[in-house]
Structure formats: C-alpha cells, structure tokens
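Dear colleague,

Please find below the structure that I am handing over to you. My notes on what was found in it follow directly after.

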Amino acid sequence: RSSELAILRESLHRATSTGHPVLVSVLGDPGIGKSRLADELTAIVEDDVPVLVGRARPFTDTATFSPAATIVGELAGLEEDEPPEKTRRRIHELADRTVPPGDAKRVVERLALLFGMAERPTHVSFVQDVQAGFVSLVDGLARERPAVLVFEDAHELRPPMLELIERLGSPARSGQRKALVLALARTTLLD
C-alpha cells in the first residue's frame, strides 16, 4: 500500500507544481482497499487542500450527475428538502466565491440543473451545460491551490459522468487546474 500512496502523493505534487490536473484510476476487486487508499491520502494532505468526494445523493435531479451534485451540495452547504430559493441562493454564493464575477450567473444556471431548478434543455445541451458548469466550479477551486476530487464506484457511472471525470483530468482551457482527480472503480470499468 505504501507504493500506491506514494504514487498518489506524487500525482498531487505534480498537479500542484505544474498547474495541470492528474487523473488517477484505482481499479480493483471489491474489498481490496480502494476507498481505504483514498482515505489514507486524504488523511495526509494539507489542511488547506479541499477533498471533495462524489457519490450518489438522493435529492439530485439526475442520477447521471449525482457525484457532481454531491460535491456541489457539500461545497454550497445544501441540505435535503431545502426550498428551491434557498438552494439557488447557496449555489449563487458558492459561484460568487469560486468563479470570476462575469461567469457566476451562467455557472449558477448550469449547476442549478443538477437540482431541477432551471429549465431543462435538450438532453445534449443538458449534459454539456452541467459539465461546463462543474468544470468552471472546479477550475475556480483549483486555480490558486490544489484540490483532490474522489469519485467512488466509477464503474457504476454513466458515460456523461465518466466524460466529465476525464474532462476534469485534462488541462484547463485557460489558467491552471491544480487538481488530483481520483476515480475508484472495480475492474469492470474496463469492460
């Protein structure tokens, strides 16, 4: 386990020093310790490095992007059964803290799609909008300081969410993205 942990620490260091994200997939059979490895990494990262864990969440508008909605919900301090106005306000406050002022309104509209609070466009534009909003949020979080994103059970995710994870592991279009993106999955992900 120490060699795997060393690889993850070096990957975070590389993302931090280069400003380019690093995507690491941890594959293995159930019970082999994928989550434990991620927990060990999060225990040793600096206190100012946010660790964001994407998992299923019951009050999202779509199961496809529930890991992204989990992260948005945690960052915004959302609670289940909140009135839509309060949820939108919290998402707006999150965007104001993380993205450039000129982008905040558009990011809010895109992230609101995760919670059924915006007019749902066609499926294709829905996927593109959610992905763009989430990438903008992560870019804002990981521009100046590193961040760790952990996506659990990636083998169960739908293609649009997997595409989003891949996108997060690619260099940002502008600026830096100092992110370690960790996808935990069973080997069936490769099938």
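Throughout this message, two residues are in contact, or touch, when they have heavy atoms within 4.5 Å. The model is predicted, so that local features need pLDDT of at least 70 and side-chain atom pairs count only at pLDDT 80 or more, while totals for chains, interfaces and linings use all residues. Residues are numbered from 1 along each chain as its sequence is written, and side-chain values use heavy atoms, with hydrogens and water left out.

I begin with helix 6, where Gln 131 is located; helices (H or I, at least four residues) and strands (E, at least two) are DSSP runs, numbered from the N terminus. Gln 131 is buried, at a relative accessible area of 7%. Here buried means under 20% relative accessible area, exposed over 50%, and partly exposed in between, with a 1.4 Å probe and protein chains only. Leaving aside residues up to four places away in sequence, Gln 131 touches Phe 65, Pro 160, Glu 163, Leu 164 and Arg 167.

Two of those partners, Pro 160 and Leu 164, are also among the buried residues of helix 7, together with Met 161, Ile 165 and Leu 168. These buried residues line one face of helix 7, because they fall within an arc of 145° when seen down its axis; the arc is that of the directions from the helix axis to the C-beta atoms. Pro 159 and Glu 166, on the other side of helix 7, are exposed. The cover over the buried residues of helix 7 includes strand 1 (22-27), helix 3, helix 6, strand 3 (147-151) and strand 4.

Helix 4 offers a second case of this kind. Helix 4 spans residues 84-98, 15 residues in all, and reaches 21 Å from its first C-alpha to its last, close to the 21 Å expected at 1.5 Å a residue. That expected span is 1.5 Å times one less than the number of residues in the helix. Its buried residues are Thr 87, Arg 90, Ile 91, Leu 94, Ala 95 and Thr 98. They lie on the same side of helix 4, because they cover an arc of only 140° around the axis. Glu 85 and Arg 97 are exposed on the other side of helix 4. Helix 3 (66-76), helix 5 and helix 6 are among the elements that cover the buried residues of helix 4.

Within helix 4, Arg 90 may merit your attention. Arg 90 counts as buried, with a relative accessible area of 19%. Its contacts, not counting residues up to four places away in sequence, are Ala 76, Gly 77, Leu 78 and Glu 82.

I turn next to the largest pocket, which holds about 470 Å³ of space. On a 1 Å grid over the protein atoms alone, a pocket is an open set of points where a 1.4 Å probe fits, with protein on both sides within 12 Å along at least five of seven lines; lining residues have an atom within 4 Å of a point. Grid points are joined across faces, edges and corners, and the volume is the space filled by probe spheres set on the points. The lining of the largest pocket has 18 residues, of which Ala 132, Val 135, Ser 136, Asp 139 and Arg 173 are the closest to its centre. Helix 6 (123-141) gives the largest share of the lining, 4 residues, and helix 5 (104-112) likewise supplies at least two. By class, the lining comprises 7 nonpolar, 3 polar and 8 charged residues; Ala, Val, Leu, Ile, Met, Phe, Trp, Tyr, Cys and Pro count as nonpolar, Asp, Glu, Lys and Arg as charged, and the others, Gly among them, as polar.

Asp 139 is also touched by Ala 172, a residue of the loop between helix 7 (159-168) and strand 4 (179-185). Ala 172 is buried, at 15% relative accessible area.

Finally, two loop residues have a positive phi although neither is a glycine. Asp 81, with a phi of about 65°, lies in the loop between helix 3 and helix 4 and is exposed at 73% relative accessibility. Asp 153, with a phi of about 50°, is found in the loop between strand 3 and helix 7 and is partly exposed at 40%.

With kind regards
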